[in-house]
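Reader: I would like to learn how to read the features of a structure model one at a time. Could we take each general idea and then turn to the case at hand?

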Amino acid sequence: MTKQEFQKLTENHVLLLDGATGSNLMKAGMPRGVCTESWVLEHKDVIQSLQKAYIEAGSHIIYAPTFGGNRINLTMHGLEDQIEQINHTLAGYSKEIAPESVLVAGDITTGKMMTPAGDMTYEKAFEVYQEQIGYLRDAGVDLIVAETMINIEETLAAVDACQSVCELPIICTVTVEADGSIFSGGNAIEASVSLEAAGADAVGINCSVGPDQLVSVVRSIKENVSIPVIAKPNAGMPTIDDKGQAVYSMNAEDFASYMKVLIESGASVVGGCCGTTPAFIKALHDSIR
């Protein structure tokens, strides 16, 4: 898919993303603390069953399970010599079950702090993303998504890296507090403006909080950019039960109702993050159909 094709797809049309992956994999038996990518490689049926359910619920775009498929994360698990194979295989799992009408996004992030708070530099982030995006391009994904980003500079590195190796669209979401502030500094509005200028094809937020807390953030982003605005929040705020599991505050119908407000506020690429399931995406699909 080209950038022009993506923009045409978003004209006067709400694009529906998928919902959570990690929280659903844990429900399906993935232990805490393991390498997600390695576990998914061995449980193809689980990820494909989840993604089929999202497609049936109405998702136009599904995220390939390559979230941590970069050199930094895989080196921590002793898998640095398998980066290409892992990205090709995991992207292939998604492409295998996606009909022609559904796009597969190569999912990227590192979750690392940038200097001086951490060890990550722009140059290192660019190199890491350039490598992974190259493998995802070769695997045949339709677009790239940089999500759950905690730093504007690192997200800019992802956009620059993508444009250095391919002409695929790249969409970006930062994770924010209810006031729009980014964990490592700056805010979602500043990030969105910078990312649009750098060449991102859609910008917005994911994770962190529920849709009920993001109306002003989405509205402000929409007022400051000319590209599509993304909203992929959690199923409300979590509490921890007596088994140590996160229990989110919203059911599917409440989530869809609040998401409709975000759409009215300017979001046109929407989905769910932690705590959401195919039922949430179905409710969202039905509410905007």
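Reader: How many residues line the largest pocket, and which of them lie nearest its centre?

Author: Please keep in mind throughout that this is a predicted model. As for the general idea, rolling a probe the size of a water molecule over the atoms shows where empty space is left. In this structure the largest pocket is lined by 50 residues, and those nearest its centre are Thr21, Gly22, Ser23, Met26 and Cys274. Two or more lining residues come from each of helix H2 (22–27), helix H3 (36–41), helix H5 (71–76), strand E4 (143–149) and strand E9 (246–248). The volume of this largest pocket is about 1200 Å³.

Reader: Which element gives the largest share of the lining?

Author: That element is H2, which contributes four residues to the lining of the largest pocket.

Reader: Turning to helices, what span should helix H11 have, given 1.5 Å a residue?

Author: The check compares an expected span with the distance between the end C-alpha atoms, and for the 13 residues of H11 (residues 252–264) the expectation is 18 Å, which agrees with end C-alpha atoms that are 18 Å apart. The buried residues of this helix include Ala252, Phe255, Ala256, Met259, Leu262 and Ile263. Because these residues cover an arc of only 110 degrees around the axis, they are on the same side of H11. On the face turned away from that buried side, H11 carries the exposed residues Glu253 and Glu264.

Reader: What covers the buried residues of H11?

Author: Their cover includes helix H10 (215–224), strand E7 (229–232), strand E10 (267–270) and helix H12 (278–288).

Reader: What should I look for at the start of H11, and what just after the helix?

Author: At the start, a side-chain oxygen of Asn251 comes to within 3.2 Å of the backbone nitrogen of Glu253, while just after the helix Gly266 adopts a positive phi of about 130 degrees.

Reader: How far apart are the end C-alpha atoms of helix H8, and which residue caps its N-terminal end?

Author: For the 14 residues of H8 (residues 152–165) one expects 20 Å at 1.5 Å a residue, and the end C-alpha atoms are 21 Å apart, which agrees. The cap is Asn151, with a side-chain oxygen 2.7 Å from the backbone nitrogen of Glu153. Among the buried residues of H8 are Ile152, Glu154, Thr155 and Val165, and the elements covering the buried residues include strand E3 (103–108), helix H7 (122–139), E4, strand E5 (170–174) and helix H9 (188–198).

Reader: Which residues have a positive phi although they are not glycines?

Author: Two cases to inspect are Thr148, with a phi of about 55 degrees, and Ser208, with a phi of about 70 degrees. Thr148 belongs to strand E4 and is buried, at a relative accessible area of 19%. Ser208, by contrast, sits in the loop between strand E6 (202–206) and H10, and its relative accessibility of 25% makes it partly exposed.

Reader: Is the peptide bond from Thr115 to Pro116 cis or trans?

Author: The bond is cis, with omega near 5 degrees, and Pro116 belongs to the loop between E3 and H7.

Reader: Is Ala98 buried or exposed, and with which residues is Ala98 in contact beyond its neighbours within four places in sequence?

Author: At 18% relative accessibility Ala98 counts as buried; its contacts beyond those neighbours are Ile55, Ile62 and Val104. Ala98 lies in the loop between helix H6 (83–97) and E3.

Methods:
Residues numbered from 1 in each chain as written. Predicted model: local features only at pLDDT ≥ 70, side-chain atom pairs only at ≥ 80, totals over all residues. Heavy atoms only, no water. Expected span 1.5 Å × (residues − 1). Buried < 20%, exposed > 50% of the residue type's maximum accessible area, 1.4 Å probe, protein only. Arc of directions from axis to C-beta. Contact = heavy atoms within 4.5 Å. Polar contact = N/O pair within 3.5 Å; in protein donor to acceptor, adjacent residues only side chain to side chain. 1 Å grid on protein atoms, 1.4 Å probe; cavity = no way out; pocket = protein on both sides within 12 Å on 5 of 7 lines; lining within 4 Å. Points joined across faces, edges and corners; volume = space filled by probe spheres on them.
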